[in-house]
Amino acid sequence: MRLNLQRMESIRNIAIIAHVDHGKTTLVDKIIYECNTLDSRKPGGDLILDSNDLERERGITILSKNVSVQYKGVKINIIDTPGHADFGGEVERVLKMADGVLLLVDAFEGPMPQTRFVLNKAVELGLKPIVVVNKVDKENCSPEDAQQDVFDLMYNLDASEEQLDFQTIFGSAKNGWMSHDFKKPTTNVTALLDTIISEIPEAPYKEGSPQMQIASLDFSSFVGRIAIGRVFRGDIQEGQEYTICQKAGSKSRIKIKELFVFEGLERKRVKRVRSGDLCAIVGIENFDIGDTVADFESPESLPRISIDEPTMSMLFLINNSPFFGQEGKLVTSRHIRDRLYKETEKNLALRVKDTGSEDRFMVHGRGVLHLSVLLETMRREGYELQVGRPKVIMKEIEGVKCEPFEVLVVDVPEPHSGKVIEQVTRRKGEMLIMEPKGDVLHLEFNIPARGLIGLRNVLLTLTAGEAVMNHRFSEYAAVKDEIKERLAGSLISSETGSALSFSLNRLQDRGKFFIDPGEKVYKGQVIGEYTRDGDLEVNITKAKKQSNVRASGTDDAVKIAPKIQFSLEESMEYIKDDEYLEITPKSIRMRKI
């Protein structure tokens with residue numbers, strides 16, 4: 001009788017997809033509160049699903065997560081996905097678990113590059129969309145235009161008639177309301193929940209031998225790797241033996257030790273999971289994303305999940321600077337090797353390759369942000385290491401050397417548009433679209449991924465920080481001509497010691513510095529940007545010679561310009577091919593190789 005009740009429970013599996021910062025995680029918060037999912041005795045808060053410190057600091061979702069709510073007797077499994085194209089490996093996998101998508105767009109910005117990226121994946125899988133036009137309380141926004149732009153985008157992506165006949169909900173996730181008419185605000189998000197139940201197809205119960213596909217994974221230091229996925233056919237039971245179908249047709253026998261379903265923000269241990277529901281399995285040792293857990297006697301595998309390949313590579317090596325081991329605890333090549341290979345177990349778009357040298361590893365990822373999140377996580381865990389400049393991965397296709405190209409979108413005030421166009425075309429970008437959008441000019445380019453390295457810094461400087469830049473991978477195409485690198489050279493410390501105000505003041509006409517008076521530097525460290533091409537060695541540890549004679553005017557207080565501070569991504573893009581970035585828990589330094 002219990003099995004029949006389980007089978008009768010109505011389930012909706014829905015993924016939320018959107019561009020970075022369009023309000024996915026905030027909307028999930030409101031749904032969780034509306035359905036009284038949280039324990040009232042525990043503190044709530046905002047951005048509940050952004051559990052990772054880095055996610056909260058950057059305001060972006062990095063890891064996809066599952067949450068389940070109950071509404072009007074229906075179980076709604078919600079999958080929160082990352083919006084940034086660098087984490088596309090996450091999005092592609094989790095969409096396989098869904099029956100429909102909530103496509104969230106900003107009422108002012110409309111569909112953005114990453115919106116197109118994730119929506120294309122959903123359209124290919126035939127998922128039913130509900131469009132949510134969020135942030136309708138913004139000034140100068142046009143919700144109806146955003147809705148039309150989504151329709152045009154889906155039409156261009158060859159969406160089916162059923163997909164194009166989508167429902168649109170308007171609202172403000174931040175203010176906690178959703179409505180069918182943006183001119184008539186409500187006081188809650190029930191309009192959205194009702195639309196999910198009416199529009200998203202119910203997860204079907206399919207009779208037959210069991211089939212469950214692993215689409216995501218988690219890791220616990222207590223039980224090891226946890227396989228997460230959807231049961232597509234039959235039932236999966238705890239304690240039973242199954243066959244796991246892996247790559248290249250290989251099969252092995254497994255036993256499910258523990259079985260969980262998602263309930264609220266927690267996982268609830270169960271004896272059985274019906275087809276159509278999502279579950280987490282403990283007890284499978286060696287598995288990959290895309291593997292199928294199937295019947296023990298007559299296993300049938302599901303089509304494997306394909307994941308876009310990495311487009312960028314970066315050299316990781318042990319820190320061998322004069323300040324080695326002063327700030328980090330995990331510094332040896334064994335520590336770094338173990339940590340990188342452990343990361344590949346759950347970070348699917350990442351590849352690690354040995355280089356023939358014990359202390360060097362070539363790491364392949366989806367972009368600078370993807371690699372920088374890994375580096376930032378490692379330095380917070382106490383690792384100390386060096387990395388080289390990121391480089392794009394070239395491929396040979398039908399005898400032609402090819403490189404990755406990206407679609408670059410820049411929204412910039414019109415007075416600055418000429419400088420932006422000049423910089424992008426100098427980096428071999430070709431303009432595709434130029435149109436006014438509100439009070440900014442909307443520019444789209446096709447540009448080699450090589451040309452994007454370091455471009456954000458340049459554009460922000462040229463436009464006084466007003467340019468908004470986004471990009472996504474489009475294709476591999478024939479390699480373009482050489483792109484000119486940063487013209488300015490580096491100021492390099494010729495001595496080890498502490499930087500002195502006297503020396504910094506004396507050398508200010510030589511360039512801009514990355515250090516403050518009193519900071520410790522070592523010989524070979526890049527301490528600033530030279531005003532000319534080529535590099536210049538300078539001694540900033542030199543003190544003023546002492547004498548008994550005071551000269552009027554020469555002993556006034558020195559005025560030193562503030563140092564230039566780089567974020568981790570900016571530093572990765574700034575360094576040249578003959579420079580390394582030294583990363584420790586407390587510092588980020590550039591140095592000559």
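# A guided tour of the predicted model

Begin with the whole protein chain in view, where 15 helices and 35 strands can be found, and keep in mind throughout that this is a predicted model. Of the 593 residues in the protein chain, 53% are buried. If you look at contacts between residues at least 6 apart in sequence, 71% join residues at least 24 apart, and several of the stops below are chosen with such contacts in mind.

**Stop 1: helix α2 and the residue after it**

Select residues 24–34, which form helix α2, and colour the buried positions, which include Lys 24, Thr 25, Leu 27, Val 28, Asp 29, Ile 31 and Ile 32. An α-helix has 3.6 residues a turn, so residues three or four places apart point the same way. Then step just past the end of α2 to Asn 36, which takes a positive phi of about 50°.

**Stop 2: strand β3 and the loop before it**

Select Lys 72, in the loop between β2 (65–71) and β3 (74–80). Lys 72 is not a glycine, yet its phi is positive, at about 50°. Most residues other than glycine have a negative phi. Is Lys 72 buried or exposed? With a relative accessible area of 62%, which is over the 50% cut-off, Lys 72 is exposed.

Now move along to Ile 79, which is placed in strand β3 and, at 0% relative accessibility, counts as buried. Add Ala 15 to the selection: although Ile 79 and Ala 15 are 64 residues apart along the chain, their C-alpha atoms are separated by 4.5 Å.

**Stop 3: Thr 311**

Next select Thr 311, in the loop between β17 (292–294) and β18 (312–318). Thr 311 counts as buried, because its relative accessibility is 5% and the cut-off for buried is under 20%. Which residues is Thr 311 in contact with, leaving aside its neighbours within four places in sequence? Display Gly 365, Arg 366, Lys 391, Val 392, Ile 393, Pro 404, Phe 473 and Tyr 476, and you have the residues that Thr 311 contacts.

**Stop 4: helices α9 and α10**

Select residues 333–346 for helix α9 and residues 368–380 for helix α10, which pack at an angle of about 130° with their axes 12 Å apart. The two helices, α9 and α10, are therefore oblique to each other, and their crossing is right-handed. To see the contact itself, show the side chains of Ile 336, Arg 339, Leu 340 and Glu 343 in α9, which meet Leu 374, Thr 377 and Met 378 in α10. The residues of this contact of α9 with α10 divide into 4 nonpolar, 1 polar and 2 charged.

**Stop 5: helices α11 and α13**

Another helix pair is found by selecting residues 414–426, helix α11, and residues 455–462, helix α13; they pack at an angle of about 155°, with their axes 10 Å apart. Why do α11 and α13 count as roughly antiparallel to each other? The angle of about 155° is over 145 degrees, and α11 and α13 are therefore roughly antiparallel. In passing α13, α11 makes a right-handed crossing. On the α11 side the contact is made by His 416, Lys 419, Val 420, Gln 423 and Val 424, and on the α13 side by Leu 455, Val 458, Leu 459 and Leu 462. Sorted by character, the residues of the contact of α11 with α13 are 6 nonpolar, 2 polar and 1 charged.

While α11 is on screen, select Lys 428, in the loop between α11 and β25 (430–437). Phi of Lys 428 is near 70°, a positive value in a residue other than glycine, and at 25% relative accessibility Lys 428 counts as partly exposed.

**Stop 6: Gly 489**

Go on to Gly 489, in the loop between β27 (468–478) and β28 (490–493), which is buried with a relative accessible area of 0%. Tyr 530 is 41 residues away along the chain, and the C-alpha atoms of Gly 489 and Tyr 530 are separated by 5.0 Å. Not counting residues up to four places away in sequence, Gly 489 touches Gly 528, Glu 529, Tyr 530, Arg 532, Asp 533, Gly 534, Asp 535 and Lys 576.

**Last stop: two cysteines**

Finish by selecting Cys 279, buried with a relative accessible area of 0%, and Cys 402, buried with a relative accessible area of 6%. How many disulfides does a search of the whole structure find? The search finds 0 disulfides.

Conventions:
Residues numbered from 1 in each chain as written. Predicted model: local features only at pLDDT ≥ 70, side-chain atom pairs only at ≥ 80, totals over all residues. Heavy atoms only, no water. Axes fitted to C-alpha atoms, helices over the stretch in contact; angles between N-to-C directions. Helix = DSSP H or I, 4+ residues; strand = E, 2+ residues; numbered from the N terminus. Parallel < 35°, antiparallel > 145°, perpendicular 65-115°, else oblique. Left-handed = near helix turned anticlockwise from the far one by under 90°. Contact = heavy atoms within 4.5 Å. Nonpolar A, V, L, I, M, F, W, Y, C, P; charged D, E, K, R; others polar. Disulfide = S-S within 2.5 Å. Buried < 20%, exposed > 50% of the residue type's maximum accessible area, 1.4 Å probe, protein only.
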